[in-house]
Amino acid sequence: MSDHTPTPWIASNQYLYAGNPERSLPIASGQHDWATDRGGASHEEAVANAAFIVKACNSHDALVKALEEIGYIDDFLDANTAKRMLGI
């Protein structure tokens, strides 16, 4: 498995991206609202979901560090299981 795109991720009203805005994922773009075109969420819900994804991605490293600092990974999970669960 390759490394994930470096953080921070950013969400605008229409795009979700990390690093280079030219490599963005559309939330809603011009003529197409990718969520509603596929019978999914409203545009407002798609924007809220993108904001939630950004918050989760940008918090990942700090969460892993906090779990390591309190000993959760060492005390309750073996290292390989914890890393697999956390995607690291």
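**Note on the predicted model**

1. Pro 8 lies in the segment that comes before strand E1, and the peptide bond leading from Thr 7 to Pro 8 is cis, with omega near 10°. This is a predicted model, and the cis bond should be understood as a feature of that prediction.

2. As to confidence, the protein chain has an average pLDDT of 75, and 70% of the residues score at least 70. Among the elements, strand E1 (residues 9-11) has the highest mean pLDDT, 88, whereas helix H1 (residues 34-37) has the lowest, 53. Where pLDDT is low, the predicted coordinates should not be read in detail.

3. The secondary structure consists of 3 strands and 4 helices, and from the N terminus on the order of the elements is β-β-β-α-α-α-α. Of the 88 residues in the protein chain, 22% count as buried; the chain exposes about 6600 Å², of which carbon and sulfur atoms supply 56%. When contacts between residues at least 6 apart in sequence are considered, 26% of them join residues at least 24 apart.

4. Helix H2 (residues 43-69) can be checked against its expected length: its 27 residues should span 39 Å at 1.5 Å a residue, and because its end C-alpha atoms are 39 Å apart, the two values agree. The helix nevertheless has a kink of about 45°, centred on His 60, and just after H2 a positive phi of about 80° is found at Gly 71.

5. The buried residues of H2 include Ala 46, Ala 50 and Val 54, along with His 43, Val 64 and Leu 67. An α-helix has 3.6 residues a turn, so residues three or four places apart point the same way. With that in mind, a reader may wish to look at Ala 46, Ala 50 and Val 54 together, since these buried residues of H2 also belong to the largest nonpolar core.

6. That core has 7 residues in all, namely Trp 9, Leu 16, Ala 18, Ile 27, Ala 46, Ala 50 and Val 54. Strand E2 (15-18) and H2 each supply at least two of its residues, and H2 gives the most, with 3 residues. In soluble globular proteins, nonpolar side chains tend to be buried together.

7. Which residues does Leu 16 contact, leaving aside its neighbours within four places in sequence? They are Trp 9, Ile 10, Ala 11, Ser 24, Leu 25, Ile 27, Ala 50, Ile 53 and Val 54.

8. Val 54, a residue of helix H2, counts as buried because its relative accessibility is 12%, which is under the 20% cut-off. Apart from residues up to four places away in sequence, Val 54 touches Trp 9, Ile 10, Ala 11 and Leu 16. Val 54 and Ala 11 are 43 residues apart in sequence, yet their C-alpha atoms are 6.7 Å apart in space.

Conventions
Residues are numbered from 1 along each chain as its sequence is written. Side-chain values use heavy atoms; hydrogens and water are left out. pLDDT is the predictor's confidence in each residue, from 0 to 100. Buried means under 20% relative accessible area, exposed over 50%, partly exposed in between (1.4 Å probe, protein chains only). Contact means heavy atoms within 4.5 Å. Accessible areas come from the Shrake-Rupley method with a 1.4 Å probe; for residues, only the protein chains shown count as cover. The expected span of a helix is 1.5 Å times one less than its number of residues. The bend at a residue is the angle between axes fitted to the seven residues ending there and the seven starting there. A nonpolar core is a set of buried Ala, Val, Leu, Ile, Met, Phe, Trp, Tyr and Cys residues joined through side-chain atoms within 4.5 Å.
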